[in-house]
Amino acid sequence: RNSGFPPPDSFQVRVYDDGGGTGIPGSTTATIDLLIIPNNDDPILNHNTGMVLSTAGGTLSQVITPAQLQVTDPDSANTLLTYTLTEIPDATLGTLQRFVGGSWQTLGVGATFTQDDINDGRVRYIFHRASSGGENFSDRFRFTVKDSEIREYPTPREGGIWDGSTLVVHTFNITITIPPGSSGGSGNAPPITIAANNPPTIETI
């Protein structure tokens, strides 16, 4: 509600007195104003359907869509909803890539992409294994999700999809079908060009 930012609230109290020795009852009313501090909401995984890639017609890549992979969060922008790869696709089958700076870059373990990247078509799977047709393959990548913000209550921690004190590792499954008469890729895996992000450092001033 209210995009995760609760509005201020208030309530009224009235105090009565029977008049004591005066014998004249009285009352007074006061308003108590409440300033509600928002607490970061964790993201929710709405879609994780996986994908089916058919090489019919020479198609070797497929962009991941929000209908296939989507997290939402009422108080975090899509640019902050971050997927971190804990496992990348099988290097003998395919690779996961993100469009950066005008070209597709191959992602390694620890690399990240955002929901904004998915919404704008900047994340894709590319199949590169050679095949003479009539084959099926299964691939996957695994990931965690954070929202780049801090939850304060009941205990401070990073916002994300958690199971207790452990970040949940999700699996995105990929099925590759190579119909008879179709072919696969060149057999050569592109090199990893985006490795794990460097963690932030704290300096004492």
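This section reports the nonpolar core, the strand pairing, the salt bridges and a surface patch of the structure.

The structure is a predicted model, in which local features require a pLDDT of at least 70 and side-chain atom pairs count only at pLDDT 80 or more, whereas totals for chains, interfaces and linings use all residues. Residues are numbered from 1 along each chain as its sequence is written, and side-chain values rest on heavy atoms, with hydrogens and water left out.

The largest nonpolar core (a set of buried Ala, Val, Leu, Ile, Met, Phe, Trp, Tyr and Cys residues joined through side-chain atoms within 4.5 Å) holds 27 residues, of which Leu-69, Phe-113 and Phe-141 touch the most other members. Two or more residues each come from β4 (51-54), β6 (69-72), β7 (82-87), β11 (123-127), β12 (135-151) and β16 (170-178). Strands here are DSSP runs of E with at least two residues, helices are runs of H or I with at least four residues, and both are numbered from the N terminus. Burial is classed by relative accessible area: buried is under 20%, exposed is over 50% and partly exposed lies in between (1.4 Å probe, protein chains only). Residues up to four places away in sequence aside, Phe-113 is in contact (heavy atoms within 4.5 Å) with Leu-69, Leu-81, Thr-82, Tyr-83, Leu-85, Leu-96, Arg-98, Leu-107, Ile-118, Val-123 and Phe-141. In soluble globular proteins, nonpolar side chains tend to be buried together.

In β4, Met-51 and Leu-53 make up a covered face, while Val-52 and Ser-54 make up an uncovered one. In a regular strand the side chains alternate between the two faces of the sheet. β4 runs parallel to β16, to which it is joined by 4 bridges; two strands are taken to pair if DSSP finds at least two bridges between them. Ser-54 has Thr-177 of β16 as its bridge partner. Strand β16 also contains Asn-173, which is partly exposed because its relative accessible area is 46%. The contacts of Asn-173, with residues up to four places away in sequence not counted, are Gly-50, Met-51, Asp-139 and Arg-140. The C-alpha atoms of Asn-173 and Ala-30 are 60 Å apart in space, and the two residues are 143 apart in sequence.

Strand β8 is mostly covered, with 5 of its 7 residues buried. β8 pairs with β11 in the antiparallel sense over 5 bridges, and Gln-97 stands opposite Arg-124 of β11. β8 is also joined to β9 (residues 103-106) by 4 bridges, again in the antiparallel sense. Across this second pairing, Phe-99 stands opposite Trp-104 of β9. The hairpin of β8 and β9 has 2 residues between the strands, and Gly-101 in this hairpin takes a positive phi near 60°.

Salt bridges (a side-chain nitrogen of Lys or Arg within 4 Å of a carboxyl oxygen of Asp or Glu) number 7. Side chains of opposite charge can pair when their charged atoms come close. Arg-140 and Glu-87 form one such salt bridge, with an N to O distance of 2.7 Å. This pair links distant parts of the chain, with Arg-140 in β12 and Glu-87 in β7, 53 residues apart. Arg-140 is classed as partly exposed because its relative accessibility is 34%, and Glu-87, at 26%, falls in the partly exposed class as well.

Another salt bridge joins Arg-98 to Asp-117, whose closest N and O atoms are 4.0 Å apart. Arg-98 belongs to β8 (residues 94-100) and Asp-117 to helix α1 (residues 115-119), so this salt bridge ties together parts 19 residues apart in sequence. Arg-98 is buried, with a relative accessible area of 18%, and Asp-117 is buried at 7%. Between Asp-120 and Arg-122, which also form a salt bridge, the closest N and O atoms are 3.0 Å apart. Asp-120 has a relative accessibility of 48% and is therefore partly exposed. A network of salt bridges links Arg-98, Asp-116, Asp-117, Asp-120 and Arg-122.

On the surface, Phe-11, Val-13, Ile-32 and Leu-34 form a nonpolar patch with about 290 Å² of accessible area together. The elements giving two or more residues to this patch are β1 (9-17) and β2 (26-34). Patches consist of residues with over 30% relative accessible area and no salt bridge; like charges are joined within 9 Å and nonpolar side chains (Val, Leu, Ile, Met, Phe, Trp, Tyr) within 5 Å. Accessible areas come from the Shrake-Rupley method with a 1.4 Å probe, and for residues only the protein chains shown count as cover. Phe-11, in strand β1, counts as partly exposed because its relative accessibility is 40%.
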